Amino acid sequence: MNASADHETPSNAAEAPAESPATPPAGEARPPRRDERPRGGRNGGNQGGRRPQRPAQADRPAGPAPARQHPVLDQLATLYPVLFGETLLPLKRGIFEDLLAAHPDALDKDGLKAALALHARSSRYLTVVASGLQRHDLSGQPVEALTPEQVHHALIEVFRRRGARSREDLRPKLRQRILTAYEASGLSPDDYTQRVQGRDEEVNQLTRDALAEATARAAREDALLRTFEASGKSINEFADMYGLHILDANRSLERARARLAAKA
């Protein structure tokens, strides 16, 4: 930005000749030079070189007020604390119509639509969907399952938002969460991939890595189950023989049995 004509640039100021103060007539007080004038305000306050005190925090201009959630969501949290309170639950499809039918006079149609849209996009709600819980009705009862792709897409969005606030590489944790979601889906690797694949190639690769890890683990656990059944050992003896923690051995064997039962 160019300096204005009324101000000297630093270089111009350095080149300007120093002026000597004029000598005042006899008997007349000489005005103090700039370097002799007291520091502080016009009335000579704040002498002694002390800086003026800053205004108290309460006197400073207030910043923007924190954003509040939609007032209809406050209504819903009062009416249905199990669904919209401190702990959220996934909502059944058609919950908008159910709410209007249950409270035709208390809930405004347009306000309810806007509130539910904000609710569905919130990180709190997406985190609950990513956990894979079932959808619930107004009475708080589970009524239908989320689809694997709904769980997957919510999971990806939650980690995207976390990644924007964190310097940590969250990809290993995301890969493990995708692995867990895949195993809970009951789908084959090909079916799961086809249903959740999107445009983000990095996410697609993380999904392929998670499924490859799940396939390798399943093969190990199936082999472990066959070895255990052929050993004639108790679970404690078998875990000790292979250097496994008893809880890890139990979980691996239970997963293998569940896969075997699903194939039967």
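**Exercises on a predicted model**

A219 lies in helix α10 (residues 201–231), where helices are DSSP runs of H or I with at least four residues, numbered from the N terminus. The structure is a predicted model, in which local features need pLDDT of at least 70 and side-chain atom pairs count only at pLDDT 80 or more, while totals for chains, interfaces and linings use all residues. Residues are numbered from 1 along each chain as its sequence is written, and side-chain values use heavy atoms, leaving out hydrogens and water.

**Exercise 1.** Determine the exposure class of A219.

*Solution.* The relative accessible area of A219 is 45%. Buried means under 20%, exposed over 50%, and partly exposed in between (1.4 Å probe, protein chains only). A219 is therefore partly exposed.

**Exercise 2.** Describe the charge environment and polar contact of D137.

*Solution.* D137 is buried. K92 has the nearest side chain of opposite charge, 7.3 Å away; Lys and Arg count as positive, Asp and Glu as negative, with His and the chain ends not counted. A salt bridge requires a side-chain nitrogen of Lys or Arg within 4 Å of a carboxyl oxygen of Asp or Glu, so D137 has none. The side chain of D137 does make a polar contact with that of S139, at 2.7 Å (N or O atoms within 3.5 Å, one able to donate a hydrogen and the other to accept it; residues adjacent in sequence count only if both atoms are side-chain atoms).

**Exercise 3.** Identify the helix that gives the most to the largest nonpolar core.

*Solution.* The largest nonpolar core has 44 residues, being buried Ala, Val, Leu, Ile, Met, Phe, Trp, Tyr and Cys residues joined through side-chain atoms within 4.5 Å. Helix α7 (residues 148–165) gives the most, with six residues.

Terms used
Helices (H or I, at least four residues) and strands (E, at least two) are DSSP runs, numbered from the N terminus.
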